[in-house]
Amino acid sequence: MRERRDKINYYLDLAETVSKRSTCLRRWYGAVIVKNDEVISTGYVGAPRGRKNCTDTGKCIRQEMKIPRGERYELCRSVHAEMNAIISASRDKMIGSAMYLAGVDALTGEYIPDSNSCSLCKRVIINAGIERVYVRDSRDEYREIRVRDWIDHDESLNGVMGY
């Protein structure tokens, strides 16, 4: 008899599928917002509508400048998966919801180790009213992050960069 996939990994599987639409040359991320067992919205990494994607230009400015992950996102052409999912949803539906986030390395297809939302995405997630973020670490393992912890332990007060 087939073993049924647990609900959290089911939604993380959806997020991973959504990530395959990403147009970043470095990282493919997908985000799915869920409330009351209903998918509210999805988002993936890509340039703003109408602008060329990195896959179109064939280059990444941040990569050329050797900027570490989690830093200097103002130079990036893309809108992050978390933000694209939030942009596509109404706030009243997001209040009390959960976000499922999956990221893979565009070159290797491996899961991004210690993946997390960047500091800007964290602020947007907080303001959207999302309560929990589940981040995929492997095919079956994930972390649950209480968004309240990002408020209570505000790394931006100390100027911490990166994830």
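**Notebook: hairpin, sheet and pocket**

I started at the β4–β5 pair and found Arg 132 opposite Arg 146 in β5. Tyr 134 likewise stands opposite Glu 144 in β5. A note to myself on the source: this is a predicted model, with residues numbered from 1 along each chain as its sequence is written. Local features need pLDDT of at least 70, side-chain atom pairs count only at pLDDT 80 or more, totals for chains, interfaces and linings use all residues, and side-chain values use heavy atoms, with hydrogens and water left out.

Next I looked up how these two strands are joined. β4 (residues 132-136) and β5 pair in the antiparallel sense over 5 bridges; strands pair if DSSP finds at least two bridges between them. The two form a hairpin with 5 residues between them.

Then I followed the sheet outwards. It is open, with 5 strands in the order β2-β1-β3-β4-β5 and mixed pairing. β2 and β5 (142-146) are at the edges with a single partner strand each, so one side of each has no neighbour in the sheet. On average, neighbouring strands are turned by 20° against each other, direction ignored.

What lies across this sheet? I found helix α1 (residues 7-19) across β1 (27-35), β2, β3 (98-105), β4 and β5, running at about 135° to β1. For the angle, axes are lines fitted to C-alpha atoms, for helices over the stretch in contact (heavy atoms within 4.5 Å), and angles run from 0 to 180 degrees between N-to-C directions.

I also listed the elements: 7 helices and 5 strands, in the pattern α-β-β-α-α-α-α-β-α-β-β-α along the sequence. Both are DSSP runs numbered from the N terminus: helices are H or I with at least four residues, strands E with at least two.

My last stop was the largest pocket, with about 320 Å³ of space. On a 1 Å grid over the protein atoms alone, a pocket is an open set of points where a 1.4 Å probe fits, with protein on both sides within 12 Å along at least five of seven lines; lining residues have an atom within 4 Å of a point. The volume is the space filled by probe spheres set on the points, which are joined across faces, edges and corners.

Which residues lie nearest its centre? They are Tyr 44, Gly 46, Ala 47, Arg 49 and Asn 84, out of 16 lining residues. β2 gives the largest share of the lining, 3 residues.
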